[in-house]
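Me: Got a minute to go through this one with me? I'd like to start with how the strands are put together.

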Amino acid sequence: MTTGDELVVALEALPDSADVGTLFHLRLVQDNGAYARCALLIREIGPVEALCEVLAVHAAEADGQ
C-alpha cells in the first residue's frame, strides 16, 4: 500500500462523525504481516463501506506501535 492507492474501509472502522472529506488514521496489517498506520481521506460513503484515498503510510514499530 502506498500514497495515492484507494482502500475500501468498513463503516465500523470509521470515526463516529465521518463524512466525505474526513481525514482519519487507521492502523492496518499489511500483506506481509507488518503493521502500518495510514492517513486516509474519505472519498465516497456507501451503505456498508467507504472508499478512501491513502494519503500517507507509516510503518509501525516492531512492538505494534
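**Strands, core and cysteines**

Reply: Sure. β3 and β4 run antiparallel, with 9 bridges joining them. Keep in mind that this is a predicted model.

Me: What links β3 to β4?

Reply: A hairpin, through 3 residues.

Me: And how do β2 and β3 pair?

Reply: In the antiparallel sense, over 7 bridges. They also form a hairpin, with 5 residues between them. G33 sits in that turn and has a positive phi of about 90°.

Me: Ok, which residue is the bridge partner of L23 in β3?

Reply: That's L41. Going over to β4, I42 has C52 as its bridge partner.

Me: What else is I42 in contact with, leaving aside its neighbours within four places in sequence?

Reply: The list includes L14, A18, V20, F24 and A50, as well as C52.

Me: Switching topic: how many residues are in the largest nonpolar core?

Reply: 11, and I42 and C52 are among them, along with V9, L14, F24 and C38. The elements giving two or more residues to this core are β2 (23-29), β3 (35-45) and β4 (49-59).

Me: Two cysteines in there, then. How many disulfides does the structure hold?

Reply: 0. For C38, the nearest cysteine sulfur is that of C52, 10 Å away, and C52 is in no disulfide either.

Me: Is C38 buried or exposed?

Reply: Buried, because its relative accessibility is 0%. C52 is buried too, with a relative accessible area of 0%.

Key. Residues numbered from 1 in each chain as written. Predicted model: local features only at pLDDT ≥ 70, side-chain atom pairs only at ≥ 80, totals over all residues. Heavy atoms only, no water. Core = buried A, V, L, I, M, F, W, Y, C linked by side-chain atoms within 4.5 Å. Buried < 20%, exposed > 50% of the residue type's maximum accessible area, 1.4 Å probe, protein only. Helix = DSSP H or I, 4+ residues; strand = E, 2+ residues; numbered from the N terminus. Contact = heavy atoms within 4.5 Å. Pairing = 2+ DSSP bridges. Disulfide = S-S within 2.5 Å.
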